[in-house]
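Q: Please take a close look at a single helix of this chain. I should like to know how its residues are placed and what it packs against.

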Amino acid sequence: MKKYGIGYRLFSGANLLFLTVLALMMFLPFLNVLAQSFSSSEAIVSGKVVFMPVEFTWINYQYVFSDASIWRSFGITVYITVAGTLINLIATASLAYPLSRQEYVGRKYLVLFVLITMVFTAPLIPNFILMKALSLTNSLWALLLPGAISAFNFFVMRAFFMQIPGEIIDSGRMDGCSELGMIWSIVLPLSKPVMASLGIFYAVNHWNTYMAALYYVNKPSLWPLQVKLRQLIEADDINIDPSVSQFSSLAHSNPEGIKMATIIIATLPIVLIYPFLQKHFVKGMMIGSVKS
């Protein structure tokens, strides 16, 4: 068995301690929010809640689950996440694949143009004028189309495509397969790891959509969950939705508990989905980072 010196053991111990403290710094605030979401208004106001619920209650979640406006925002966020991620993956793959093949003329100049967008981004006002000119404001398209391709994700996917042997592509062409058919039957099945990893990036970005919705969407009926959450957190009191009028006293006496329950509901889905895709995420990022 290989023995390590005292210096290595000290470094490993210090590294483990640092990572443990870092993990606790990230996890404990979430645990505090979770505890408050299950606590009574008196316990929250008096500051008794730390990491365990005090005077355990389900009433905050009953309010959230009964509020039609919150569920409408939740549904909009789910739609944006699913539709936006599909648009992102299709658009990114459509650009990354041809620019990864040596036979396409002028690909270096196009790659340079994409690289420029990583360094220089358009300011807010020109973006808003463009969205307004295209009649995309106050519509969900303003949250789906402008960021259809991320330059960083494009380079990761392009690096992955460049590692696919050219002989496989050539054999597909010799068998009479069209370019679209070859992408569908050969390239995409080989690209599941990078698709999963970039899909997580895109999905998390869409799930947390906030600034774009704040700038381009003024209709409360089209607000995603993060904007609705901001409205709840900034309000000293909670406006009562007609569908939950039976909780009017709760909304006035315990708005903090309702806010914390909404935060948990907004965070939990994406947290629960990640572990199922973690294997593909790590594999895709490692493969895509080998060659650029």
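A: Helix α5 has 13 residues and reaches 19 Å from its first C-alpha to its last, close to the 18 Å expected at 1.5 Å a residue; the expected span is 1.5 Å times one less than the number of residues. Helices are DSSP runs (H or I, at least four residues) numbered from the N terminus. This is a predicted model, in which local features need pLDDT of at least 70, side-chain atom pairs count only at pLDDT 80 or more, and totals for chains, interfaces and linings use all residues. Residues are numbered from 1 along each chain as its sequence is written, and side-chain values use heavy atoms, with hydrogens and water left out.

The buried residues of α5 (under 20% relative accessible area, 1.4 Å probe, protein chains only) are R107, V111 and V114. They lie on the same side of α5, because they cover an arc of only 60° around the axis, taken from the directions from the helix axis to the C-beta atoms. On the other side of α5, K108, Y109, F113 and V119 are exposed, that is, over 50%.

The cover over the buried residues includes α4 and α8. With α8 (residues 151-162), helix α5 (residues 107-119) packs at an angle of about 140°, the axes being 9 Å apart; axes are lines fitted to C-alpha atoms over the stretch in contact, and angles run from 0 to 180 degrees between N-to-C directions. R107, V111, V114, L115, T117 and M118 of α5 meet A151, F152, F154, F155 and R158 of α8, contact meaning heavy atoms within 4.5 Å.

Conventions:
Helices (H or I, at least four residues) and strands (E, at least two) are DSSP runs, numbered from the N terminus.
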